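Subject: The structure I promised you

Hi,

Here is the structure we talked about, so open it up and keep it beside you while you read. Take your time and have a look around before going on.

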Amino acid sequence: MPFCEVGKYQNGVDATGNNGTKIFYRTYGQGPVKVLLIIGLAGTHSSWDPQIKALAGTITPNDSESPAGDRSSGEGGGDMEVCAFDNRGMGLSSVPTKKSEYTTSIMAKDAIAIMDHLGWEKAHVFGHSMGAMISCKLAAMVPERVLSLALLNVTGGGYECIPRLDRQTLSIAVRFLKAKTPEQRAAVDLDTHYSKEYLEEDVGTTTRRAVLYQEYVKGISASGMQSNCGFDGQINACWTHKISRADHESICSAGFLISVIHGRHDVIAQLSHAKRLAKKLHPYARMVELPGGHLVSHERTEEVNDALLELIKASTSKISPYDWTNLPKKSSGWNITPLTRKSSPEGSRSSVMADIIGRLQMFLLFFFGLFMLAFEFMRRGERMDGVASPWDFKCNLEVDLGSEENAHIVYTALAVDKELQPDKVKRHMSVSNGKLSVNFEAVEARFLRASFSAFVDVLTLTTKTIEEFGPKKE
């Protein structure tokens, strides 16, 4: 089986830290055009099969003993070589035991090591979900080695990984965490990956859900359930992921074309986050919205494959980014169109005013929420006078969220955000009667202040999301 020992292609600390780490990969097809596919959380290389078939013309790997005659031709067959691999922590690749060994930067270096192992100087890099985050990091690290970039169902990491907060998503999250068998995991994966409409479509005498369920059980049984270390590590990679301004500048400076492809009904990676990232990559990015869920590459295979092939073709022809993008011209700051004295249609002027007012309202609501939470903190804050223990600085916070359901949704979202310095700050949360209670303890006032401030930021974003997208009251 083909493996890449990543430490052999790295130097210094990277080589030492990855000594013995192996990444399982497969290549398909032959040709001068190279395509690297990076899959997402808990996925394996085979998740790319619909795209591999379209790009390489076959899903029979090059290391297979199957006769060449078994390799059917696809849209891009004949001139492309495609590589797909299992990320660390999944499938046949190594599973490091420490969470710190899973970041999108580290996993991007795994992908670069595979390119070196294959002797690929440059490649078109396509990523899905967490794999799209890894692809962004790779493009920022070695932009000179990227021919084009496709980001499918991507977010910016961190709090943007918090899915749409409603009863359906909470149910999916609970079922996912409880899934212990391939059958249980397959059932929840379907609701995670596809839109409800797609699953309910009739396929012969049965439904698409029933057909896919059997396929998923078979696939998960073959690859095995993901280990706890692998799952926790990949979650850590998503939660700690961030694309800085320097990263954006590095990507844009290279001048390659980008496609941001997203399903409108994705309950995991919200469409608004993908649009925001695409705007930051203007004029090199094109936004492609499709009527699908998180695994839009399977649900809308033909449209996604067409978009990827079009990206490769456009990159080869070296068209202007301004001819490629379908996004409005990028502006700075709040991205508000300035008012001028030039004559314009009344509708346009009204639209600008409405946009300004709407943004000001969001701005004021956000800071009003921070103010109210800070006031609550001051009113309920307690500080020990003695020095009986090192945890001298304490405060309590209680937030009434209106219902037990909302309180548990917020608790679940905030529980993901662990304290970065547990030796200096402790945080305890509980839910009762629709209220979220939080207790902070710290060894110094500055640590208490920093922890509380960061917590309030995430709490405010979470509660505002519930207000806008959560269950509506009659």
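Below is what I found, going from the sheet to the helices, the cores and a few odd spots in the loops. One thing to keep in mind: this is a predicted model.

Let's begin with the sheet. It is open and has 8 strands, in the order β1-β2-β4-β3-β5-β6-β9-β10, and the pairing is mixed. Which strands sit at the edges? Those are β1 (3–5) and β10 (285–290), each of which pairs on one side only. If you go from one strand to the next, the twist averages 20°.

For a close look at one pair, try the β10 end. There, β9 (residues 257–263) runs parallel to β10, and 6 bridges link the two. One detail to find on screen: V260 has M287 of β10 as its bridge partner.

Next, find helix α3 (residues 104–118). It lies across β1, β2 (22–28), β3 (33–38), β4 (80–85) and β5 (123–128), and its angle to β2 is about 55°.

Helix α6 (residues 182–193) is a nice one for a quick sanity check. With 12 residues at 1.5 Å a residue, α6 should span 16 Å, and its end C-alpha atoms are indeed 16 Å apart, so the two agree. Which of its residues are buried? They are R185, A186, V188, D189, L190, D191, T192 and H193. These buried residues pack against α5 (167–178), α7 (196–199), α8 (208–223) and α12 (296–299).

Now for the inside. In soluble globular proteins, nonpolar side chains tend to be buried together. Here the largest nonpolar core has 49 residues, and L36, L138, L151 and I258 have the most contacts inside it. Helix α4 (residues 130–141) gives this core its largest share, 8 residues. Apart from that core lies another one, of 27 residues, including Y28, I52, L290 and W324.

L151 is worth clicking on. Leaving aside residues up to four places away in sequence, L151 touches G127, A132, S135, C136, I258, S259, V260, I261, L277 and L281. You've already met V260 as the bridge partner of M287.

How do α4 and α10 cross? The axes of α4 and α10 (residues 245–254) come within 8 Å and cross at roughly 70°. That makes the two helices roughly perpendicular. On the α4 side the contact is made by C136, K137, A139 and A140, and on the α10 side by D247, S250 and I251.

Last, the odd spots. Most residues other than glycine have a negative phi, and most peptide bonds are trans. Three places here go the other way:

- H282 and P283 are joined by a cis peptide bond, with omega at about 5°. P283 is in the loop between α11 (271–280) and β10.
- K318 isn't a glycine, yet its phi is positive, near 55°. Look for K318 in the loop between α13 (301–317) and α14 (321–324). Is K318 buried or exposed? Its relative accessible area is 72%, so K318 counts as exposed.
- N433 isn't a glycine either, and its phi is positive at about 55°. You'll find N433 in the loop between β13 (425–432) and β14 (435–442). With a relative accessible area of 68%, N433 is exposed too.

Have fun exploring!

Notes: Residues numbered from 1 in each chain as written. Predicted model: local features only at pLDDT ≥ 70, side-chain atom pairs only at ≥ 80, totals over all residues. Heavy atoms only, no water. Pairing = 2+ DSSP bridges. Helix = DSSP H or I, 4+ residues; strand = E, 2+ residues; numbered from the N terminus. Axes fitted to C-alpha atoms, helices over the stretch in contact; angles between N-to-C directions. Contact = heavy atoms within 4.5 Å. Expected span 1.5 Å × (residues − 1). Buried < 20%, exposed > 50% of the residue type's maximum accessible area, 1.4 Å probe, protein only. Core = buried A, V, L, I, M, F, W, Y, C linked by side-chain atoms within 4.5 Å. Parallel < 35°, antiparallel > 145°, perpendicular 65-115°, else oblique.
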